[in-house]
Amino acid sequence: MKNLTMARLLASTGLALAVPITPVFAQAASDQPAADGTSKDDASEIIVTAQFRAQKLQDTPLAITAVNAATLEARGHTDISQIAAQAPNVVLRAQPQSGGIGLIAFIRGIGQTDFNYALEPGVGIYVDDVYIPTLSSSLLDLMDLERVEVLRGPQGTLAGRNSIGGSIKLFSKKPTGEGGGSLQATYGAYNRLDVRGMADFKITNNLFARISGATKSQDGFITLLDYGLANPNSNVRANTNAGDGIERGTLGGRSFSAGRVALRWEATPDIEVNLAGDYTRERNEAGAQVLLYANSPATTPEGIPWLAGKNGAAVPFNCNFVPTTTRFQASCGTVPAGYDSRFINYANFLDARTPTTQAPFKPFAAQNRQNFDGWGLTGNVTAKLAHNLSATWISSFRRYKMQFAFDQDGSPVPVAQLENTLRHRAWSQELRLNGSFLDKRIEYTVGGFYFDGNGTYNARVDLNYAGLDFIHGPDSTPATSKAVFFNGTFHVTDAWGFTGGIRHTWDQKDYTYFRRNPDLTVPGPGPCQFFLGAPTAGPTGVGNSPNCLLLGLNNVTAQFKGQRTDWRIETDYRISPEVFAYASVATGFKAGGVNPRPFFGPSAGECSALPPGVAAPCNQVKPFNPETLTTYEAGIKTDLFDRRLRLNASVFFNKYDNIILTLSRCPGAPCLRPANAGKADVWGFEAETTIRPVDGLTLDGSVSYLNFQFTDTGTTGLPLTNRTPYTPEWNWSVGAQYDYTLSSQAVVSARFDGAYQSSVFSDAFNAPTNLVDGRFLGNVRLSYTSADKGWQIAGEVQNVFNKYYFQTIEDGAIPFGAITGQPGLPRTWALTVKRTF
């Protein structure tokens, strides 16, 4: 098997190097200035700091995609999730409606989908070298950036824990004191209105400031309809008056605003102080969502309706509420004329059930919203201590609050609805010493890192399908992480170097559970009457106390504590001025934690104490261990034919152990718990290219392949043929830009970007019901830039081929008979005017 794997790896290397015209990044370069004013050398020589020192991209021995501000603008990118389209083996998608405002991030099959603070991201997100610790605050706007660096593979020695898949680093533009600024406005489809601006100015001769801001608003593209009014002949009552019309609003609408103030103080010629503060406010609608499959009788164990119809009978949850036929189910309903059935939802965020003694806390209504308020302060001090020694101190404090609702059924039948509130604060400190000796033959970085964070998660969880309606939390998750690290490079010759790095990390995280009734009483004090012999229709039938299944889960604390050492060994050789090669072995890890959603607490007993074959509730307040990765990687970076062709390629083989996956199926009991799901071998290749065949024309693109193979899944029941979620086999992209200089020296630029991503699964248990189909998406942009670069007018069309596709699919077919999807935007247009002064 090992020989076969190595043969595949070598074959992949040959294939990667044989595709010089297949895709990737590098900023366009031509002998003439580009439309953004950069020269040939400026455009192709991006400087990165992935190894804590400034290096040319082509001299950095890492698989890295670097994108500068001009490229972000040329592609029309405005948030971090769009970057993945041109980066190989990277998947970045917005969270579905159930995840609020946040990011799903995977690199090389490693990442995380759950927003809960009990779990850690598998891709480290950094802004100005400050770690963003949660998925819920990582869907970042690309505001006033200098560049973005996407590092693939474990960054365990430099970026530390939770960068096991890789890191995405955003770097803001620093104040220069040179004066000037810009203001741009965009108007487009669905009443999109964006405004961005920045100003840079000098306060004193050595104190400079930069102010930037952005607002974005857009109407939702999923229309909410009142099912009863839209289908007056059905058995469903209307929730609104006929005079109000059948529309109840939309989903997916956004109202975003953010601002940032940065100061740079050159205290002395050897000391520079950078301070920044930022604030973000969002008042969005609930996430875009449509119902793809519905199948449930929608009654309690006694047959009491979740939704009583006009005649008093239960309204079944079925295909009548599926607006359009999908591969999961044929629609048997009727959408009113004039509406696109692919973008319709009948959700009302309401549970209007008649109360019972087992479910007395009705009715309940969630709000159609996704709100976010967050701010942060960052300090960065660099000091030159000697001609060969400098120090950097990075300090940060961040805090946010997010509120979001989720209607899990996409219909008036109240299968499940939740109202969530997350609060988080994080404080971090990092100190680095960068030095060299022997005339820079040896360069090194040594440092320490400290992180202290705490988050609370509070929710009204109304799950009729499970017979539960309770207050979750506020669950608290205090966590600390400490690390020391060293990274050094020995330049044996001017062309040949060795790098070694090591990092040791100490982690601790507590999780305290609170489970109460909506009136804030504690479930219990005894077990469900059903378990005591009462003649009820199961533990959630009438005759049981409300939420009695949650007995023993209030004010209970679990803890994870551990430490880990990561290392990296690398050698590189500059074969010629045009060709650079490297090979490395590196490790990384994602921190462990505890299960945040136990169905049963310690009072349920241990599964190991049950007789073989006996199915009964078991204690699910369980920790899980860190997942670990060892990566073997080789790569090559080239600039050929007078730098008209850039080709970077890499191959890798991963040993992936203790993989953390959220399991929705457990032997003998329901569950939704993170667990160490086994081991896998993962191998693949990546290639990126930029080609300038003639002056003014730039072609770019990327291609990647990933083979994921479980070698052991323990007792989880996961088939060895499964893959981790959001792990496509193939990614590829193509881009073309032509810049034409008019006689007036103004520049007209036309650009096309296309990206393909093969199918992925959204659940650890791969099934057709959670398969997200592959797709190819294309965007076009046409711009005019005046000769003095003072004005730019641009028009763009996103999703130019009007592809109907899904970002995510949530599979609840087995537990409650629903499958929902998060559609991407249909074809949209926008016009932008920018003034630079």
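In this predicted model, asparagine 191 sits in the loop that connects strands E11 and E12. Its backbone is worth a pause: phi is positive, about 55 degrees, although asparagine 191 is not a glycine. Most residues other than glycine have a negative phi, and most peptide bonds are trans. Asparagine 191 counts as partly exposed because its relative accessibility is 42%, which is neither under 20% nor over 50%.

A second residue of this kind is lysine 789, whose phi is near 65 degrees, again a positive value in a residue other than glycine. Lysine 789 is placed in the loop between strand E44 (775-785) and E45, and with a relative accessible area of 33% it is partly exposed.

Two cis peptide bonds can also be described. One joins lysine 362 to proline 363, with omega at about -5 degrees. Proline 363 belongs to the loop between strand E20 (350-351) and strand E21 (364-365). The other runs from glycine 524 to proline 525, where omega is near 15 degrees. Proline 525 is likewise a loop residue, placed between strand E29 (515-516) and E30.

The strands on either side of asparagine 191 return at the surface. A nonpolar patch is formed there by Leu183, Tyr187, Leu193, Val195, Trp829, Leu831 and Phe837, which together have about 710 Å² of accessible area. Strand E11 (181-188), strand E12 (192-204) and strand E48 (828-836) each give at least two residues to this patch. One of the patch members, phenylalanine 837, is found in the segment after E48. Phenylalanine 837 counts as exposed because its relative accessibility, 56%, is over 50%.

In the interior, the picture changes to buried side chains. In soluble globular proteins, nonpolar side chains tend to be buried together. The largest nonpolar core here has 29 residues, and Met402, Leu422, Val461 and Tyr513 are the ones that touch the most other members. Two or more residues of this core come from each of strand E23 (389-407), strand E24 (416-437), strand E25 (442-463), strand E26 (468-476), strand E28 (496-513) and strand E30 (556-576). What does valine 461 touch, once residues up to four places away in sequence are not counted? Its partners are Gln417, Leu418, Leu468, Asp469, Phe470 and His472. Apart from this core lies another, made of 25 residues, including Phe328, Phe364, Tyr726 and Val760.

Burial is not limited to the residues of these cores, as glutamine 798 shows: with a relative accessible area of 18%, this residue is buried. Glutamine 798 is part of strand E45 (residues 791-798). Leaving aside neighbours within four places in sequence, glutamine 798 is in contact with Arg75, Gly76, Gly778, Asn779, Pro826, Arg827 and Thr828.

Aromatic rings offer another way to read the structure, which holds 32 aromatic pairs. Phenylalanine 530 and phenylalanine 531 make one edge-to-face pair, with 5.5 Å from centre to centre and 70 degrees between the planes. A pair of aromatic rings is described by the distance of the centres and the angle of the planes. Phenylalanine 530 is partly exposed at a relative accessible area of 33%, and phenylalanine 531 is also partly exposed, at 46%.

A further pair brings together phenylalanine 685 and tryptophan 730. Their ring centres are 6.0 Å apart and their planes meet at 75 degrees, so this pair is edge-to-face. The pair links distant parts of the chain, since phenylalanine 685 is in strand E38 (residues 679-691) and tryptophan 730 is in strand E40 (residues 730-741), 45 residues apart. Phenylalanine 685 is buried at 4% relative accessibility, whereas tryptophan 730 is partly exposed at 33%. Ring pairs also link Tyr190, Phe221, Phe343, Tyr804 and Phe806 into a cluster.

Finally, how far apart in space are glycine 312 and lysine 655? From C-alpha to C-alpha, the two are 58 Å apart, and 343 residues separate them in sequence. Glycine 312 is in the loop between strand E18 (290-294) and strand E19 (344-345), and its relative accessibility of 44% makes it partly exposed.

Key: Residues numbered from 1 in each chain as written. Predicted model: local features only at pLDDT ≥ 70, side-chain atom pairs only at ≥ 80, totals over all residues. Heavy atoms only, no water. Core = buried A, V, L, I, M, F, W, Y, C linked by side-chain atoms within 4.5 Å. Buried < 20%, exposed > 50% of the residue type's maximum accessible area, 1.4 Å probe, protein only. Helix = DSSP H or I, 4+ residues; strand = E, 2+ residues; numbered from the N terminus. Contact = heavy atoms within 4.5 Å. Patch = residues over 30% accessible without salt bridge, like charges linked within 9 Å, V, L, I, M, F, W, Y side chains within 5 Å. Areas by Shrake-Rupley, 256 points an atom, 1.4 Å probe, with all protein chains shown as cover. Salt bridge = Lys/Arg side-chain N within 4 Å of Asp/Glu carboxyl O. Phe/Tyr/Trp six-rings, centres within 6.5 Å; stacked < 30°, edge-to-face > 60°.
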